[in-house]
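Here is a short briefing for a first look at this chain. Keep the sequence and the model in view while you read.

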Amino acid sequence: MTPKIRIHLADDHQVLIDGLSNLLQTVSNFEVAGTSLDGTTVYDDVVNDKADVLILDISMPKKDGIETLKEFNEKQLPCNVIILSSYDDLKIIKEVMKLGAKGYLTKNCAGENIIEAVEAVYQGQEYFSDAVRQKIFNTFKDNPKLNPNAIIENPLLSPRELEIIILIALEYSGKEISEKLFISAHTVETHRKNIMKKLNIKSTIGLVKYALKNNLINP
């Protein structure tokens, strides 16, 4: 039997919690284990609920999402956190990702993305709404070699893995990629290894050739 993914919802708007809860519970292996309306209780609530995934509003009262993430780090409690926000500000995105958030959704698209986001972060992946992903992509799109109209269809690759391929092909170092995408150097290296395994590519040169062949970058 497939284990339930236990989800905790933290937002100061009960209407939003109710809506997301109803949506999430349409998935057979999802279980909304608990909710928080106040930022000061989120950590204890997640511990008590034994939640696998935390969906966290960035603008919680008394203690905001950033402070809550810091508490999780200080107490060394691993948790798959998806940030829910009304804003797609790059500085906020960068800060929460450095603090360990695995996903970032804007509230105006939460309904259409939340199920996919929970599944992704539970499996150890990252998830960003399209608006957030575009915001991040804009930080390196001025590279003259980048093909801004690149479209690739490969069911093996996630959007994040495509970004990693592009940046490797654009000759960004692992450190530079981690800074651009707000992830650790270790995560970059893990993505690189997974990509090479999926595509049966043996070297960085092979990744560059793949990017050129699929028009991800210009020669």
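Is Phe182 buried or exposed? Phe182 counts as buried, because its relative accessibility is 6%, under the 20% cut-off. The model is a predicted one. The points below go from the whole chain to single residues.

**Overall build**

- The chain holds ten helices and six strands.
- Its radius of gyration is 18 Å, close to the 17 Å that the globule rule gives for 219 residues, so the chain is as compact as a globular protein of that length.
- Along the principal axes, the C-alpha atoms fill a box of roughly 50 × 40 × 30 Å.
- Buried residues make up 47% of the 219 in the chain.
- Take the contacts with a separation of 6 or more: 65% of them join residues 24 or more positions apart.

**Surface and charge**

- The accessible surface of the chain is about 11400 Å².
- Carbon and sulfur atoms account for 50% of that surface.
- The chain carries 26 positive and 30 negative charges.
- The mean positions of these two sets of charges lie 8 Å apart.

**The nonpolar cores**

- The largest nonpolar core has 50 residues.
- Leu54, Leu56, Ile83, Val96 and Ile165 touch the most other members of this core.
- Helix 7, residues 159–169, gives this core its largest share, with seven residues.
- A second core of 21 residues is separate, and its members include Ile5, Val32, Ala110 and Val121.
- Leu54 touches nine residues if those up to four places away in sequence are left out: His8, Ala10, Val42, Val46, Phe72, Cys79, Asn80, Val81 and Ile82.

**Ile83, a core residue in strand 4**

- Ile83 belongs to strand 4.
- Ile83 is buried, because its relative accessible area is 0%.
- Beyond four places in sequence, the contacts of Ile83 include Leu56 and Val96, two residues also listed with Ile83 among those that touch the most other core members.
- Other contacts of Ile83 are Ile58, Leu69, Ala101, Gly103, Tyr104 and Leu105.
- Thr106 is 23 residues from Ile83 along the chain, and their C-alpha atoms are separated by 8.3 Å.

**Helix 7 and its surroundings**

- Why is helix 7 said to be largely enclosed by the rest of the structure? Ten of its eleven residues are buried, so the rest of the structure largely encloses it.
- The buried residues include charged types such as Arg160, Glu161 and Glu163.
- Also buried in helix 7 are Leu162, Ile164, Ile165, Ile166, Leu167, Ile168 and Ala169.
- These buried residues pack against strand 6 (127–128) and helix 6 (130–137).
- They also pack against helix 8 (174–181), helix 9 (185–199) and helix 10 (204–213).
- Just after helix 7, Glu171 has a positive phi of about 70°.

**Positive phi in two loops**

- Most residues other than glycine have a negative phi.
- Gln76 is not a glycine, yet its phi is positive, at about 55°.
- The loop between helix 3 (65–74) and strand 4 (80–85) holds Gln76.
- Gln76 counts as exposed, because its relative accessibility is 70%.
- Phe182, also not a glycine, has a positive phi of about 60°.
- Phe182 sits in the loop between helix 8 and helix 9.

**Other residues to find**

- Leu181 lies in helix 8, and its relative accessibility of 0% means that it counts as buried.
- Leu181 and Asp88 are 93 residues apart along the chain, with 14 Å between their C-alpha atoms.
- His186 lies in helix 9 and is exposed, with a relative accessible area of 62%.
- From His186 to Ser158 the C-alpha distance is 18 Å, at 28 residues apart in sequence.
- Tyr87 is in the loop between strand 4 and helix 4 (90–98).
- Tyr87 is partly exposed, at 47% relative accessible area.
- Apart from residues up to four places away in sequence, Tyr87 touches Ser59, Tyr104 and Thr106.
- The C-alpha atoms of Tyr87 and Lys202 are separated by 40 Å, and the two are 115 residues apart along the chain.

How values were computed: Residues are numbered from 1 along each chain as its sequence is written. This is a predicted model: local features need pLDDT of at least 70, side-chain atom pairs count only at pLDDT 80 or more; totals for chains, interfaces and linings use all residues. Side-chain values use heavy atoms; hydrogens and water are left out. A nonpolar core is a set of buried Ala, Val, Leu, Ile, Met, Phe, Trp, Tyr and Cys residues joined through side-chain atoms within 4.5 Å. Buried means under 20% relative accessible area, exposed over 50%, partly exposed in between (1.4 Å probe, protein chains only). Helices (H or I, at least four residues) and strands (E, at least two) are DSSP runs, numbered from the N terminus. Contact means heavy atoms within 4.5 Å. The radius of gyration is taken over C-alpha atoms; the globule rule is 2.2 Å times the number of residues to the power 0.38. Accessible areas come from the Shrake-Rupley method with a 1.4 Å probe; for residues, only the protein chains shown count as cover. The place of a charge is taken as NZ of Lys, CZ of Arg, CG of Asp or CD of Glu.
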